Amino acid sequence: MNIFVCVKQVPDTETKIVPTGDGSFIETSSIKWIMNPYDEFAVEQALLVKASNAAANVTVVRVGSVKDTEALRTAMAMGADDAVLVEAADNLDSFSIAKALKGAIDKTGKKPDLILAGKQAIDDDALQVPQILAEMLNLPSVSVIVGFELSGSTAKVKREIEGGALEVYEVNTPCILACNKGLNTPRYASLPGIMKAKKKPMAQYSLSDVGVSDADRRVKYSQFRLPPEKPPGKKFDATDAAKQAEVVAQVIGLLRTEAKVL
Amino acid sequence: MANVLVFAEQHDGHVKPVTLEILGKLAGQTADVVVFGDVSAEQIALLAKNGAQNVHKLKGTNLDKYSPEGYANALAEFIKSKNYDYVFGGATSVGKDLLPRLATKFNAGLASDVVNFVFEGGNFAGTRPLFAGKCLAKVEVTGPKPHFVSIRPNALGMTANPTAGAGTASDVNANAGEIRAAIKEIIKAASTKVDLTEANIIVTGGRAMKNADNFKILNEMADVIGATVGASRAAVDSGFAPHSMQVGQTGKTVAPALYIACGVSGAIQHLAGMRTSKVIVAINSDPDAPIFTKADYGIVGDLFQIVPIMTQEFKKLLGK
């Protein structure tokens, strides 16, 4: 069974984001990169499937800059068997990334039985790549999954929709599933895992190797800028119980007369 | 002038409000609406008032409920029979899942989760937040047409379209094609409230709520003002609330008119999910909590004392 997991490397949540001088992207030189948090659920799910299927092989695939390979090494330290890296700029759009992932999977010569990914990456928050890849590979897909059971070649998955309601899907493999928080609890990489990961195979390709060119870009970003600063708000001290009713009445009055939201 | 198709979703016989937000903002372009199933005359009149020229109702086997492939196949066939420059939809559960697949059927691009846009000489130019809202960028679509755009609910706001459309309704025979991933069952949510992503008012509890039981004081306030209750990651990770209630970078991104944060410290990852709220009220006993830097109105004090007083005050104000 060939399991592929698509991962992305994204700036750490706490990283300060600074647009470049020309507004074409953000400064990337001093960013701390991590594996996209949603992709950890995808890696974990792949490893859980592998645990009950001795013949399964887990390949992690990533498209992005090569100066740091943190995300792929982390996935292999968690237990993935091998990795494929396609070198690309960090500001590629979803269509180009999906096409590159398809090309990278083709390069392995393995026919995918299950492709897992995070439901979204927390850098561009586009929520597109798994569905685009599914269409490009002509495979069924379910996104935002919080439940997964595999029996034989049929997966029963739960997709979270508005209000926390769940759609229960049945889908045969091969298929693509995009994972949400709540699906599982990702394991930490063990020290022996980290040592072993250094020796696991990682194939590397260029975008042109996997058939992607500038002509594949579908979404253009420009004028990166900081959001406008909010003017400082009004702050009221209600630590004294005797003042609380007065402060609350004042704030609610302002919500009606000044903010006009009530 | 661009020729635009707006994909509308219905919920309980009403088109989702984001459809009307999009139509209002499309003033000056030619806009049609496409929807699955029947639409009431009243809803068609509402769409027309907001600028819809034609309302196409897609009907066919296996299209009574959502499936990524069925909806994408049916919409692709319909869109190919027309000549649209743009296809818009809401960045809802369905929109986020469906539109990337649909766009790829046209080898076309999708600008997702757009919060504002204009048309410059017939071309779409949007704005969207990136990197957890820490920056904004201009977004444009290139390559084959039609170009696809999804709009974050509540972001555009309701703007009246000065020109009403004809609102000509017609049935279209649609084909779902092969559906390999199909819904077998729907497990209803415990709450019947409007989803966080579409809520107009949100009340959120943080780690200071101390336990799940204490959320009842937030529920009481929410019931009075018609709000949906959310939770911070700290509260979810502590087991006070399910993940479906989480607001923040690994939860939901929300843009309500009023956001009331109770005992939420305001970690970056929380701010990422709610910074585009129009008016923010924060209640926290720590005067230095980061949430106060984003709050329009901050109340320093014990939420367990303040929230019940607010609930009473709201009741008085709203005559409940």
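**Start where the chains meet**

Select chains A and B together: 73 residues from chain A and 70 residues from chain B make up the contact. Keep in mind that this is a predicted model.

Now colour the chain A side of that contact. The elements giving two or more residues to it are helix H4 (129-136), strand E7 (141-151), strand E9 (166-172), strand E12 (219-225), strand E13 (234-237) and helix H6 (244-257) of chain A. Which of them gives the largest share? Pick H6(A): ten residues of this side come from there. Next, colour by residue type. The side of chain A that touches chain B holds 40 nonpolar, 14 polar and 19 charged residues.

**A sheet that spans both chains**

Stay at the contact and select E13(A) with strand E18 (residues 297-300) of chain B. The two strands run parallel and are paired over four bridges. For one pair to click on, take Lys234(A): its bridge partner in E18(B) is Tyr297(B).

Strands of a sheet pair through backbone hydrogen bonds, either parallel or antiparallel. Which kind of pairing does the sheet around E13(A) and E18(B) show? Add the other strands and follow the order E13(A)-E18(B)-E17(B)-E16(B)-E14(B)-E15(B): six strands form an open sheet, and the pairing is parallel. Its edges are E13 of chain A and strand E15 (228-231) of chain B, each pairing on one side only. On average, neighbouring strands here are turned by 15° against each other, direction ignored.

Zoom in on the chain B part. Strand E16 (residues 258-262) and strand E17 (residues 279-284) of chain B run parallel, joined by five bridges. Click Cys262(B), and you find its bridge partner Ile283(B) in E17(B).

Now bring in the helices. Helix H5 (residues 215-225) of chain B packs on this sheet. H5(B) touches strand E14 (201-205), E15 and E16 of chain B, and its direction makes about 170° with that of E14(B). Then select helix H9 (residues 303-317) of chain B. H9(B) lies across E16, E17 and E18 of chain B and runs at about 135° to E17(B).

**The other sheet stop in chain B**

Stay in chain B and move to a second open sheet. Its seven strands, paired in parallel, follow the order E7-E11-E6-E1-E4-E5-E12 (chain B). Where are the edges? Look at strand E7 (110-114) and E12 of chain B, which each pair on one side only. Neighbouring strands of this sheet are turned by 20° against each other on average, direction ignored.

Turn to the helix packed on this sheet: H2 (residues 41-49) of chain B. H2(B) touches strand E4 (30-36), strand E5 (52-59) and E12 of chain B, with its direction at about 140° to that of E5(B).

Inside the sheet, select strand E6 (residues 86-90) of chain B and E11(B). Five bridges pair them in the parallel sense. Tyr86(B) is the residue to click; His147(B) stands opposite in E11(B).

Follow the chain on from E11(B). The loop between strand E11 (147-151) and strand E12 (168-173) of chain B holds Gly157(B). Is Gly157(B) buried or exposed? Gly157(B) is exposed, because its count of other C-beta atoms within 10 Å is 12, and a residue with 12 or fewer counts as exposed. Draw a distance from Gly157(B) to Ile309(B): their C-alpha atoms are separated by 31 Å, and the two residues are 152 apart along the chain.

**Zoom out on chain B**

Show the whole of chain B: nine helices and 18 strands. Its C-alpha atoms fill a box of roughly 60 × 45 × 40 Å along the principal axes. The radius of gyration is 21 Å, which agrees with the value near 20 Å for a compact globule of 320 residues. Buried residues make up 57% of the 320. Of the contacts between residues at least 6 apart in sequence, 68% join residues at least 24 apart.

**Last stop: a crossover in chain A**

Select strand E4 (residues 57-64) of chain A. Seven of its eight residues are buried. E4(A) pairs in the parallel sense with strand E1 (residues 2-7) of chain A, over six bridges. Here Ile3(A) stands opposite Val58(A) in E4(A). E4(A) also pairs with strand E5 (residues 82-87) of chain A, parallel and over six bridges. There, Thr59(A) stands opposite Asp82(A) in E5(A). Trace the chain from E4(A) through helix H2 (residues 70-78) of chain A to E5(A): this β-α-β crossover is right-handed.

Conventions
Residues numbered from 1 in each chain as written. Chains lettered and ligands numbered in written order. Predicted model: local features only at pLDDT ≥ 70, side-chain atom pairs only at ≥ 80, totals over all residues. Rg over C-alpha atoms; globule rule 2.2 N^0.38 Å. Buried ≥ 20, exposed ≤ 12 C-beta atoms within 10 Å, placed from the backbone. Contact = placed C-beta atoms within 7 Å. Nonpolar A, V, L, I, M, F, W, Y, C, P; charged D, E, K, R; others polar. Pairing = 2+ DSSP bridges. Right-handed = clockwise from strand over helix to strand, strands pointing away. Axes fitted to C-alpha atoms, helices over the stretch in contact; angles between N-to-C directions.
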